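Reader: I am new to this structure. Please pick a single part, look at it closely, and tell me how it relates to the rest.

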Amino acid sequence: MAHLKDLERQLMALKKQIPFATARALTSTARKIQEAQKDNLQSRLDNPTPFTVNSVASTAARKTNLNAKVLIRPTAAEYLAPRSLAAHGTLAVTLCSTPKASGFWQRKKYQPLTGKKS
């Protein structure tokens, strides 16, 4: 019985680390995408300035907020938008571990349908 208690304690310790590990993985993925986008700008644009290349930014995920984002800063997005939107359709990428992590389901308050319009 003592072995089961010890195993249970170890599993509970691992359970506490799962959000941290998920946040680290999301942040690492976002950083790799950021570097790939910088390389993409270097290769696709003719003599890009450091301002343009460094306009690709990312935000880290936290264990309380499991979202990581890769984006282009607004100033550079104004002149990169026609080129980027034509190729990819977006200027930002959001990574999240689950749909619930973004808070979307908590924000939406759906009312049940009734026979009468309100």
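Author: Three words come up throughout: a residue is buried when its relative accessible area is under 20%, exposed when it is over 50%, and partly exposed in between (1.4 Å probe, protein chains only). This is a predicted model, so local features need pLDDT of at least 70 and side-chain atom pairs count only at pLDDT 80 or more, while totals for chains, interfaces and linings use all residues. Residues are numbered from 1 along each chain as its sequence is written, and side-chain values use heavy atoms, with hydrogens and water left out.

The part to look at is helix H1, residues 2–44. Start with its setting. The chain has four helices and three strands. Both are DSSP runs numbered from the N terminus: helices are H or I with at least four residues, strands are E with at least two. Their order along the sequence is α-α-β-β-α-β-α. The chain holds 118 residues, and 24% of them are buried. Its accessible surface is about 9500 Å², and carbon and sulfur atoms account for 58% of that. Such areas come from the Shrake-Rupley method with a 1.4 Å probe; for residues, only the protein chains shown count as cover.

Now walk along H1. Leu4, Leu7, Leu11 and Leu14 form a nonpolar patch on the surface. Together they have about 400 Å² of accessible area. Patches take residues with over 30% relative accessible area and no salt bridge; like charges are joined within 9 Å, and nonpolar side chains (Val, Leu, Ile, Met, Phe, Trp, Tyr) within 5 Å. One of the four, Leu7, lies in H1. Leu7 has a relative accessible area of 42%, so this residue is partly exposed.

Next come charges. Side chains of opposite charge can pair when their charged atoms come close. A salt bridge here is a side-chain nitrogen of Lys or Arg within 4 Å of a carboxyl oxygen of Asp or Glu. By that rule the count is one. Its partners are Arg9 and Asp6, with 2.6 Å between the closest N and O atoms. The two residues are three apart in helix H1, so about one helical turn separates them. Arg9 is exposed because its relative accessibility is 56%. Asp6 stands at 30%, so Asp6 counts as partly exposed.

Thr27, also in H1, is another case. Its relative accessible area is 15%, so Thr27 is buried. A contact means heavy atoms within 4.5 Å. Neighbours within four places in sequence aside, Thr27 contacts Ala60, Ala61 and Ala68. A polar atom of the Thr27 side chain also lies 2.9 Å from the backbone nitrogen of Ala61.

Gln34 belongs to H1 too. Gln34 is buried because its relative accessibility is 11%. Leaving out residues up to four places away in sequence, Gln34 touches Val56, Ala57, Ser58 and Val70. Gln37 is another H1 residue. Gln37 is partly exposed because its relative accessible area is 31%. Gln37 and Val70 are 33 residues apart along the chain, with 9.2 Å between their C-alpha atoms. Asn40 sits in H1 as well. With a relative accessible area of 23%, Asn40 is therefore partly exposed. The C-alpha atoms of Asn40 and Val53 are 9.1 Å apart, and the two residues are 13 apart in sequence.

How does H1 join the interior? A nonpolar core is a set of buried Ala, Val, Leu, Ile, Met, Phe, Trp, Tyr and Cys residues joined through side-chain atoms within 4.5 Å. The largest nonpolar core has 14 residues. Those with the most contacts inside it are Leu26, Leu41, Val56, Ala61, Ala68, Ile72 and Leu80. At least two core residues come from each of H1, strand E2 (67–72) and helix H3 (74–87). H1 gives the largest share, four residues. Across the chain, 54% of the contacts between residues at least 6 apart in sequence join residues at least 24 apart.

Last, the way out of H1. Asn47 is placed in the loop between H1 and helix H2 (50–53). Asn47 is not a glycine, yet has a positive phi of about 55°. Its relative accessible area is 68%, so Asn47 is exposed.

Methods: A polar contact is a pair of N or O atoms within 3.5 Å; within protein, one must be able to donate a hydrogen and the other to accept it, and residues adjacent in sequence count only if both atoms are side-chain atoms.
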